[in-house]
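Open the model in your viewer with a cartoon representation and follow the stops below in turn.

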Amino acid sequence: MRRNILITGGAGFIGSHVVRLFATKYPDYRIVNLDKLTYAGNLANLRDVEQAPNYTFVKADICDFDTVCALFRRYAVDGVIHLAAESHVDRSITDPFTFARTNVMGTLSLLEAARRAWNGAWEGKLFHHVSTDEVYGALEAGGGLFTEETKYDPHSPYSASKASSDHFVRAYRDTYGMPTLVTNCSNNYGPYQFPEKLIPLFINNIRQGRPLPVYGRGENVRDWLYVEDHARAIDTIFHRGRAGATYNIGGFNEWRNIDLIRLLVRTTDQLLGNPEGASERLVTFVTDRAGHDLRYAIDASKLRDELGWEPSLQFEEGIERTVRWYLDHSDWMDGVTSGAYEKYYEAMYGNR
Ligand code: NAD
Ligand code: TYD
């Protein structure tokens, strides 16, 4: 059984929940968290597990092939859960090179390091690649769901880079026989998400009385999943999924942006003790995102039927829990938006 697990991107939003789940649920595993600590990586996300005896943090770049190879040897890595990536669509529109570098070349660097370390002894090994539903492109309003058989049709530089990385992962399976699997998940929400993504950005802006920039007419649809449910799905699939398979992960939970924003405004005002509807005036329609995909929606029935996973939280409950968390952790929010934590970790770990 795999016990020496390399988790990449463990200081980010989803990665920190995966690290926490694995470090607490599997005390006899060794969890190595490899993260470059970009603007999106934050060790404050892992305060409660950093002292765990089965947990090690390594600050490094996944593109640094020699370092990655050395890590495989040093920790006898037999399982990889690969989350490290540049993850924000808007940033990919202004800086596509960084996305190709980290998401494509970084993934290739990990795959090749795994291939050399495992050297054909595939038994008991697994490379689990965490990807997005955005590789499938966009759906019409009300028209169908993404299944594992949907053809890839990425539109943004972000989704194009993730699609490319997915193809490399499958190529390693087909060419070398490496045990790999790919999971494609819908939009996540919950604690520790960097506040450039819709939900934490809007909670923070409501808190500070700043405008809420709604792209276009707010009619785009996303399928939202609570981040701990995603972490549980990764746990289930990493342990019981079939090598070579693809699993879609989603919340069965589609929301038009504008409806979600109204729910967020209502919930945040309520928890702040503001009069009902007080922050509605902050909603500001702005120029649409270039190439903005209209709708994403996942058919997660394969995962449910084969492995018994289901989302555990109702959306309204998840949103309330999330808003409460951000309001209770305004120091975290202020830290990540001020850039203070970046300076702190640079001083502590250097700026490699
Ligand atoms: P995030 O941006 O919050 O975190 C990314 C992490 O990767 C950060 O800790 C960052 O420091 C690290 N990282 C970036 N470049 C690196 C490099 N070159 N070397 C090492 N570490 C590096 O992202 P997230 O939202 O937690 O997403 C994690 C993964 O899940 C990504 O692969 C993303 O494509 C995928 N995903 C995200 C969502 C979502 O809704 N957020 C949905 C589906 C899939
Ligand atoms: P985002 O959280 O960036 O995730 P993704 O682009 O990966 O789906 O955005 C979610 C939706 O919200 C998407 O349709 C774009 C929209 N959006 C806004 O309307 N305003 C914003 O300021 C942001 C960040 C997103």
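Start with the sheet: 7 strands form an open sheet in the order 3-2-1-4-5-6-10, with parallel pairing. Strands here are DSSP E runs of at least two residues, helices are H or I runs of at least four, and both are numbered from the N terminus; two strands pair if DSSP finds at least two bridges between them. This is a predicted model, in which local features need pLDDT of at least 70, side-chain atom pairs count only at pLDDT 80 or more, and totals for chains, interfaces and linings use all residues. Residues are numbered from 1 along each chain as its sequence is written, chains are lettered from A and ligands numbered from 1 in the order in which they are written, and side-chain values use heavy atoms, leaving out hydrogens and water.

Select 55–59 and 246–249 next: these are the edge strands, 3 and 10, and each pairs on one side only. From one strand to the next, the twist averages 20°.

Now select residues 4–8 and 30–35. Strand 1 and strand 2 pair there in the parallel sense over 5 bridges. Threonine 8 stands opposite leucine 34 in strand 2.

Add residues 227–240. This is helix 7, which packs on the sheet and touches strands 1, 4, 5, 6 and 10, contact meaning heavy atoms within 4.5 Å. The direction of helix 7 makes about 150° with that of strand 5 (axes are lines fitted to C-alpha atoms, for helices over the stretch in contact; angles run from 0 to 180 degrees between N-to-C directions).

Finish at residues 315–328 and 330–338. The axes of helix 10 and helix 11 come within 5 Å and cross at roughly 70°, so helix 10 is roughly perpendicular to helix 11 (65 to 115 degrees). Show side chains for Trp325, Tyr326, Leu327 and Asp328 of helix 10 and Ser330, Asp331, Trp332 and Met333 of helix 11, which make the contact.

Terms used
Angles under 35 degrees count as roughly parallel, over 145 as roughly antiparallel, 65 to 115 as roughly perpendicular and the rest as oblique.
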